[in-house]
Amino acid sequence: MTQAELSDPKQLDPVVEVSHGQNWREYFSFSTDHKVIGIQYLVTSFVFYLIGGVLAELVRTELATPEVDFVSRETYNELFTIHATIMIFLWIIPTLTGGFGNFLVPLMIGARDMAFPRLNAIAFWIIPPTGVLLMASFFVGPASAGWTSYPPLSLMVNKFGEAIWIAGVILLGTSSIMAGLNFLVTILRMRIPSMPLIKMPLFCWAMIATSALQLVATPVLTGAMVLLGFDLLLGTAFFNPTGGGDPVVYQHMFWFYSHPAVYIMILPAFGMISEILPTHARKPIFGYQRSLILVSPLVFWASSSGRTTCLPAAPQTGCECSS
C-alpha cells in the first residue's frame, strides 16, 4: 500500500477507528463513544468528589473540639451519611470502573467500542441526576442513619430523606450492574483474535474481576434497598423487629455487597499499577499468572458477615447477637 493510500481514511482497515477532534459540546451530550463516556465519568465523579470533600470538612470541623459547637448532632449524622454515600457511589467506583475502564479497556483489547454503547451511555447518565437527587435531599432533611442505614434506626429518622437515599442507592446500583455486564461482554467477546485471555493486560483482568463482583454482589444490595424501602414506606416487616422482622438479615445482605465493594474500588487501581510499573521499569511484570488470583475476592464476604453472628444463649434470653 502506497503512502498516499495510507493517508486516505477510506483505504484503512474498517476496524481501525480514525480519530477526529472532539467538539466540547459532545461531552455534554448522550454520546456513545467510549472515550467521551470515560471522560464524562471522570469529570462528573471529580465534581462529586469536591462536594464530598466539602461535607468531609464540615464533619472534621465539628470533630475538632469535644463540644457540639459547629453543627447539631442531627446535622452531623446527615453530613456524614451523604458524605460517605457520595465518596463511595459517586466518586471512587465511577472514577476507577466507569472512567478509566471505559477509556482504556477497548483500546487495550483492540475493540472499536464497548459491546453495548447505548447501555454504556445510559449507565453514565443515571449518575448525575441521582447525585443531584441526593444533594437535593438536604432541602427536606437527608438520610441520617449512616451509609450503612441499619434498621431499625433507618426506619425511625428522616423518613422522607431516607426514602430518597434508598432510591439513590438503587439507581446507582442499577448503573453499576449495567457497566459490569458491558465490561464482561466487551472483554470476553470483543478482543482481537491474536489476544487470548492469558495474554491480556492485567488491567483488563482487574476489570473482569471487578465486573463479576458487580454482577454478583450489587443485585443483593439492590434487593436489600427495595425491602428496606417497603419497610419504610409500606409498613412491611422484613427488617423491622417490632413487626417480627430480622435486622441481621439486612446486615448480611448489605455486607454481601459492601465487603466485595472494597475490591470493586481497589482492583482497577491495582490493574493500572500493574501496567504503569512494568512500562516505566521496562521489564515484564513478575508472576503474571499468579496475579490472576485477584479474580476471586468474593469469598471474603464471610469475614464481614461474621461481625453479626448470632450466638446461642440461655433459653430464657433467646438469641444474643455479637459484633
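In the predicted model, I86 is buried, with a relative accessible area of 0%. This residue is placed in helix α3, and, when residues up to four places away in sequence are not counted, I86 touches F48, I51, G52, L55, W91 and M135. For one of these partners, L55, the separation between the C-alpha atoms is 9.6 Å, although I86 and L55 lie 31 residues apart along the chain.

The protein as a whole comprises 10 helices and two strands, and the order of these elements along the sequence is α-α-α-α-α-α-α-α-α-α-β-β. Of its 323 residues, 44% count as buried. Among contacts with a separation of 6 or more, 75% are accounted for by residues 24 or more positions apart.

The largest nonpolar core contains 46 residues, of which L90, W165, L221, M225, Y250 and Y257 touch the most other members. At least two residues of this core are supplied by each of α2 (34-63), α3 (73-109), α4 (117-125), α5 (127-136), α6 (159-189), α7 and α8 (247-281). Another core, of 19 residues, lies apart from the largest one and has A111, F183, L202 and W205 among its members. Within the largest core, W165 can be examined individually: leaving aside neighbours within four places in sequence, W165 is in contact with T81, I82, T85, L134, A143, W147, S149 and M225. The last of these contacts, with M225, joins two of the residues that touch the most other members of the core.

A polar residue was also examined in the interior. Q214 is placed in helix α7 (residues 202-234), and it counts as buried because its relative accessible area is 2%, under the 20% cut-off. The side chain of Q214 makes a polar contact, at 2.9 Å, with the side chain of S176. When neighbours within four places in sequence are left aside, the residues in contact with Q214 are I93, T97, S176, I177, G180, P219 and I264, so that S176 appears both in this list and as the polar partner of Q214.

The packing of α2 against α4 was considered next. These two helices pack at an angle of about 10°, with their axes 10 Å apart, and because the angle is under 35 degrees, α2 and α4 count as roughly parallel to each other. The contact is made by H34, I37, Q40, Y41 and T44 on the side of α2, and by P117, N120, A121, A123, F124 and W125 on the side of α4.

Aromatic rings take part in this contact, Y41, F124 and W125 being among the residues that make it. A search of the whole structure finds 13 aromatic pairs, one of which is formed by Y41 and F124 in an edge-to-face arrangement, with 5.2 Å from centre to centre and 65° between the planes. This pair links distant parts of the chain, since Y41 belongs to helix α2 and F124 to helix α4, 83 residues apart. Both Y41 and F124 are buried. F124 also forms an edge-to-face pair with W125, at 5.0 Å from centre to centre and with 75° between the planes. The two members of this second pair can be set side by side: F124 is buried, with a relative accessible area of 3%, whereas W125 is partly exposed, with a relative accessible area of 30%. Elsewhere, ring pairs link W147, Y150, F239, Y250, F254 and W255 into a cluster; one of its members, Y250, is also one of the residues touching the most other members of the largest nonpolar core.

Backbone geometry was examined last. The peptide bond from P151 to P152 is cis, with omega near 5°, and P152 is placed in the loop between α5 and α6. The loop between α5 and α6 also holds N158, which has a positive phi of about 45° although it is not a glycine; at 29% relative accessibility, N158 counts as partly exposed. A positive phi in a residue other than glycine is likewise found at R282, where the value is near 60°. R282 is placed in the loop between α8 and α9 (288-291) and, at 77% relative accessibility, counts as exposed.

Note on methods
Residues numbered from 1 in each chain as written. Predicted model: local features only at pLDDT ≥ 70, side-chain atom pairs only at ≥ 80, totals over all residues. Heavy atoms only, no water. Helix = DSSP H or I, 4+ residues; strand = E, 2+ residues; numbered from the N terminus. Buried < 20%, exposed > 50% of the residue type's maximum accessible area, 1.4 Å probe, protein only. Polar contact = N/O pair within 3.5 Å; in protein donor to acceptor, adjacent residues only side chain to side chain. Contact = heavy atoms within 4.5 Å. Core = buried A, V, L, I, M, F, W, Y, C linked by side-chain atoms within 4.5 Å. Phe/Tyr/Trp six-rings, centres within 6.5 Å; stacked < 30°, edge-to-face > 60°. Axes fitted to C-alpha atoms, helices over the stretch in contact; angles between N-to-C directions. Parallel < 35°, antiparallel > 145°, perpendicular 65-115°, else oblique.
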